[in-house]
Amino acid sequence: MELTKHSERKLDLITVGRACIDLNAVEYNRPMEETMTFSKYVGGSPANIAIGTAKLGLKVGFIGKISADQHGRFIEKYMCDLAIDTTGMVQDTEGRKVGLAFTEIKSPDECSILMYRENVADLYLEPAEISEDYIKDARVLLVSGTALAQSPSREAVLKAVHLARKNDVVVAFELDYRPYTWKNEAETAVYYSLVAEQSDIIIGTRDEFDMMENQAGNNEATKVNLFQHQAEIVVIKHGVEGSYAYTKAGETFQAKAYKTQVLKTFGAGDSYASAFLYGLFSGENIETALKYGSAAASIVVSKHSSSDAMPNAAEIKALIANED
């Protein structure tokens with residue numbers, strides 16, 4: 001599936017969901033209670049994907065609610081500096097703040113995130129703040145699963161998906177499961193399934209698909225179920241074992257995980273989605289797009305940040321050329 005339709009539209013991609021602040025530990029190899037300094041970055045899966053695809057040269061917009069304070073202004077300026085269209089960005093008027101994510105880097109395979117997500121601005125995006133005119137001027141709408149966790153953000157996302165379907169905008173669903181945002185697993189499965197059935201491209205880890213299915217599943221059953229609906233491509237990631245893409249036409253593709261000097265374990269999923277979509281927008285075949293995603297993920301986990309570390313196309317292609 002090439003994302004080459006509607007090249008006349010103003011935007012290649014709009015992402016919708018949360019933008020927050022990442023505070024990443026500057027001091028590695030120690031627990032957070034002993035960490036004294038942190039570096040500030042823009043965070044949040046859909047914000048990171050907007051940043052990642054913008055750095056790869058796509059025309060990108062973002063829909064989400066941010067705080068009317070210094071952190072909100074930091075996020076907006078960072079995106080504007082990358083030429084990300086912030087027309088769909090809304091300031092909260094009720095004093096809510098953006099989420100904060102403190103990261104702990106004890107070792108390359110022992111990292112954790114301490115989230116502050118109470119009453120956060122992004123989950124108060126209203127359906128009335130979703131513009132049909134804005135969405136229909138894009139080729140792809142990417143939805144983040146976390147934005148489905150609470151109302152009114154949940155209804156805003158469902159409206160955005162409906163408007164995308166109405167206006168022949170491809171819907172991509174990045175599962176982005178964050179357990180601390182949801183009330184229970186049954187609720188997660190209901191809303192994930194609802195959006196997945198309306199999505200053309202679905203990307204997630206095997207564990208995230210299990211959460212959507214509310215049981216331990218397998219790739220074969222997952223693809224059979226999703227291809228009964230709207231899905232054209234299903235991408236299932238298996239960590240160090242690599243990733244698989246399945247198409248409704250019956251094709252299967254696989255990409256390995258590229259070797260790297262791992263610093264941290266977070267940020268890989270956002271960079272993967274960014275580079276995979278970039279590959280499809282560039283007219284590459286699905287196997288090559290998978291390689292782009294896998295290589296981008298390896299680059300980001302080797303660096304301190306998620307958003308700042310998003311690679312350009314030359315970096316991605318160089319890693320693939322060196323490894324293949």
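Trainee: Where does alanine 83 lie?
Mentor: First, this is a predicted model, so local features need pLDDT of at least 70, side-chain atom pairs count only at pLDDT 80 or more, and totals for chains, interfaces and linings use all residues. Residues are numbered from 1 along each chain as its sequence is written, and side-chain values use heavy atoms, with hydrogens and water left out. Helices (DSSP runs of H or I, at least four residues) and strands (runs of E, at least two) are numbered from the N terminus. With that settled, alanine 83 lies in the loop between helix 2 (70-81) and strand 5 (85-91).

Trainee: What is the phi of alanine 83?
Mentor: Most residues other than glycine have a negative phi. Alanine 83 isn't a glycine, yet its phi is positive, near 65°.

Trainee: Is alanine 83 buried or exposed?
Mentor: Here's the yardstick: buried means under 20% relative accessible area, exposed over 50%, and partly exposed in between, using a 1.4 Å probe and protein chains only. Alanine 83 has 67% relative accessibility, so it counts as exposed.

Trainee: Which residue before strand 1 (11-16) should I look at next?
Mentor: Look for a residue other than glycine with a positive phi, near 55°. Its relative accessibility is 23%, so it counts as partly exposed. The residue in the segment before strand 1 is histidine 6.

Trainee: Which two residues does the cis peptide bond join?
Mentor: Most peptide bonds are trans. This one has an omega of about 5°, and its proline lies in the loop between strand 8 (138-144) and helix 4 (153-166). The cis bond joins serine 151 and proline 152.

Trainee: How many residues of helix 1 are buried?
Mentor: Helix 1 is mostly covered. Among the buried residues are Pro46, Ile49, Ile51 and Ala54. Of its eleven residues, the buried ones number ten.

Trainee: Why do helix 1 and helix 8 count as oblique?
Mentor: Axes are lines fitted to C-alpha atoms, for helices over the stretch in contact, and angles between N-to-C directions run from 0 to 180 degrees. Under 35 degrees counts as roughly parallel, over 145 as roughly antiparallel, 65 to 115 as roughly perpendicular, and the rest as oblique. Helix 1 (residues 45-55) and helix 8 (residues 268-281) have their axes 8 Å apart and pack at an angle of about 45°. The two helices are therefore oblique.

Trainee: Which residues of helix 8 make that contact with helix 1?
Mentor: Contact means heavy atoms within 4.5 Å. Helix 1 brings Ser45, Asn48, Ile49, Gly52 and Thr53. Facing them, helix 8 supplies Asp270, Ala273 and Ser274.

Trainee: At what angle do the axes of helix 8 and helix 9 cross?
Mentor: The axes of helix 8 and helix 9 (residues 286-301) come within 7 Å. That crossing makes helix 8 roughly antiparallel to helix 9. The angle is roughly 150°.

Trainee: How many disulfides does a search of the whole structure find?
Mentor: A disulfide is a pair of cysteine sulfur atoms within 2.5 Å. Cysteine 20 is in none, as its nearest cysteine sulfur, that of cysteine 111, is 17 Å away. Cysteine 80 is in none either, with the sulfur of cysteine 20 nearest at 17 Å. The number found is zero.

Trainee: Is cysteine 20 buried or exposed?
Mentor: Its relative accessibility is 3%. That puts cysteine 20 among the residues that count as buried.
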